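Notebook open, structure loaded. I'm jotting down what I look up as I go.

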Amino acid sequence: MPAPITLPDLGDTSLTVDQERPPQEPDFNAIQRNVSDKSYAALTGPNGDFAVPTMEELGLKPATTSQRGGETLALASLASIISDKTYTATFEKPKTAPTAFSPQATTLLSPHMHFGSLSCREFYWRVQDVVNSYPKGKASTPPVSLTGQLLFRDMYFGAQAPLGHAFAQTYSNPAIRFVPWHLPSKINPSNNLITGEYAIDNPKAETWFQRWKYGRTGFPWIDALMRQLRQEGWIHHLGRHAVACFLTRGGCYVDWERGAEVFEKWLIDHETACNVGNWQWLSCTAFYSQFYRCYSPVAFPQKWDKDGEFVRHFVPELARYDRKFIYEPWKAPIVDQKKWGCVVRGDGGVEEGKLDERLEEEDGYRVYPKPMFDFPQRREICIQGIKKAYQVGLRGNDSKVLDGTWRALFEDSDEGPTEGRAGPPGAMIADDYVNMDDPLEGKEVMEGVGLDRNEGVEEVNAGREVDEESRRKGTQHKRKPDKGQQMTLDAVVVKRVKR
Ligand SMILES: Cc1cc2nc3c(=O)[nH]c(=O)nc-3n(C[C@H](O)[C@H](O)[C@H](O)COP(=O)(O)OP(=O)(O)OC[C@H]3O[C@@H](n4cnc5c(N)ncnc54)[C@H](O)[C@@H]3O)c2cc1C
């Protein structure tokens with residue numbers, strides 16, 4: 001019997017059934033929508049045709065990234081890459097430019113690896129075949145080669161495997177160095193896991209963090225990268241190095257966990273093991289320890305892109321700046337700033353709460369913020385801070401980190417929330433810590449602000465007067481709980497599993 005070549009007409013497919021709508025709250029995708037979700041309007045779909053709903057029908061905002069998904073595309077990309085045998089066989093990661101964006105200098109296959117549209121085995125062996133057929137001794141080798149990159153990926157999965165949830169946090173993690181960063185994670189003492197919220201120990205650090213996140217630091221190289229992240233969901237590996245170093249040990253001294261959360265939210269290739277592992281590497285808390293080697297937001301990009309094409313693309317307000325000032329626009333004479341249509345002024349919208357919006361023009365000129373701090377000065381403070389943390393030499397699971405007595409090993413004046421001799425677990429701020437198991441103890445801690453909390457702590461404090469200055473500093477650390485933090489869906493799911 002010949003096979004049919006057409007499907008029979010289904011006739012009238014309209015259904016009239018009572019539809020009970022499932023509860024609409026909580027709606028974790030609400031932040032991704034600009035109009036309401038129409039996909040549940042009827043059982044047969046918004047158009048009554050059983051079709052898969054479109055992005056518009058789901059009410060989702062249009063994608064800002066130019067990256068597209070799917071296995072067909074992934075395999076075509078891989079085929080195109082390996083067809084260039086020299087590129088594939090002689091790939092050396094440190095020689096690829098973080099400033100290249102159209103096209104980028106590396107494979108950009110990471111989103112496909114994340115979504116499963118490309119198998120890492122397929123990727124590895126197709127590359128290895130090219131290497132094997134290349135003239136002997138001429139191909140690059142791990143760790144810098146292309147297969148070396150895939151080995152890094154596996155290394156982080158391997159590091160995560162024995163630790164589970166503890167891998168993604170400092171508290172209770174035996175594999176990571178303890179550093180008293182600003183904006184420490186809040187900890188749930190009943191299960192020793194971070195809660196997904198953080199304490200604001202220092203308002204300045206919170207401002208730096210927000211300015212970093214929204215690409216308003218006043219350092220064009222950092223801002224261009226962070227805007228690329230938000231727009232494209234991807235940045236080159238060395239670009240990730242630059243922004244991660246800047247936020248942690250090379251500028252802001254902010255907890256790497258804050259940075260990892262932002263990457264988790266915005267990276268389209270987000271992979272917990274790789275993200276967390278690399279943040280630990282860059283913050284010199286695990287995998288890497290040369291903390292005195294910091295990335296300059298001026299000299300480093302100049303090495304790759306003297307004309308600042310990357311900055312001009314992602315920070316268009318600086319597009320007309322002379323190459324001499326493209327990485328340090330605040331140094332340009334004001335007449336030139338005006339000539340190039342953009343003045344360097346203000347704090348990037350912090351005061352008006354407009355970090356997330358385009359800055360308003362002033363006197364007909366576009367506005368780019370002043371640098372948020374003196375970089376060489378901050379780098380030095382950070383290096384001294386982390387040097388001290390290395391000398392103290394605690395790991396995340398040290399009993400002193402777990403019970404908060406690590407503070408006695410630091411000077412009050414050391415960088416980070418180091419005041420007092422004891423306090424709540426980890427680097428939490430007393431105000432933010434309430435022991436759910438013991439409301440009375442929680443109250444005591446709330447009032448104690450970094451002072452004695454239990455017998456062990458009293459022993460540590462014996463013979464030490466708590467002077468007025470410490471008290472004053474302690475009070476400075478009384479911050480209102482952070483608000484407006486949006487949890488990603490991943491974080492919510494993880495938190496539920498943890499509970
Ligand atoms: C702070 C920070 C956070 C990061 N977060 C992630 C993340 O969430 N997900 C992620 O896949 N990578 C992450 N990386 C690693 C790396 O930056 C990306 O894998 C890489 O830039 C992806 O681009 P590509 O596909 O062009 O890489 P290529 O250079 O072409 O490498 C090929 C593949 O090897 C893997 N790979 C390369 N470098 C690394 C590395 N250092 N660690 C782990 N895998 C690597 C990726 O799967 C990548 O697709 C992070 C790096 C840093 C510094």
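Started with Arg216. Leaving out residues up to four places away in sequence, I find Arg216 touching Arg211, Asp223, Gly348, Gly349, Leu355 and Pro369. This is a predicted model, so I'm reading contacts off a prediction.

Where does Arg216 lie? I traced it to the loop between α6 (203-213) and α7 (220-232). Next I checked its surroundings: Arg216 counts as buried because 27 other C-beta atoms lie within 10 Å, and the cut-off for buried is 20 or more. I also looked up a pair that is distant in sequence: Arg216 and Asp347 are 131 residues apart along the chain, yet their C-alpha atoms are separated by 7.9 Å.

Then the overall tally. I get 19 helices and 4 strands for the protein. Of its 499 residues, 37% are buried. Taking contacts with a separation of 6 or more, I see that 65% are between residues 24 or more positions apart.

On to the nonpolar cores. The largest one has 72 residues, and the ones with the most contacts inside it are Ile222, Leu225, Ala242, Phe246, Cys252 and Val254. Which helix gives the most to this core? It is α8 (residues 237-247), with 7 residues. I picked out Ile222 for a closer look: setting aside neighbours within four places in sequence, Ile222 is in contact with Trp212, Thr217, Ala242, Val243, Phe246 and Pro297. Apart from this core I found another, of 12 residues, which include Ala89, Phe91, Leu109 and Ala139.

Went back to α8. How many of its residues are buried? I count 9 of 11, so I've written it down as mostly covered. Among the buried ones are Arg240, Ala242, Val243, Cys245 and Phe246. I also asked what the buried residues of α8 pack against, and the list is α6, α7, α9 (256-266), α10 and α11 (299-304).

Last stop, the ligand. I find 27 residues around it, the closest being Thr106, Thr107, Gln149, Asn275 and Asn278. Two or more residues of this shell come from each of α3 (110-115), α5 (146-160), α8 and α10 (272-282). How does the shell divide by residue type? My entry reads 12 nonpolar, 10 polar and 5 charged.

One cross-reference before I close the page: α8 turns up both as the helix that gives the most to the largest core and among the elements of the ligand shell.

How values were computed: Residues numbered from 1 in each chain as written. Predicted model: local features only at pLDDT ≥ 70, side-chain atom pairs only at ≥ 80, totals over all residues. Core = buried A, V, L, I, M, F, W, Y, C linked by C-beta atoms within 7 Å. Contact = placed C-beta atoms within 7 Å. Near = placed C-beta within 6 Å. Nonpolar A, V, L, I, M, F, W, Y, C, P; charged D, E, K, R; others polar.
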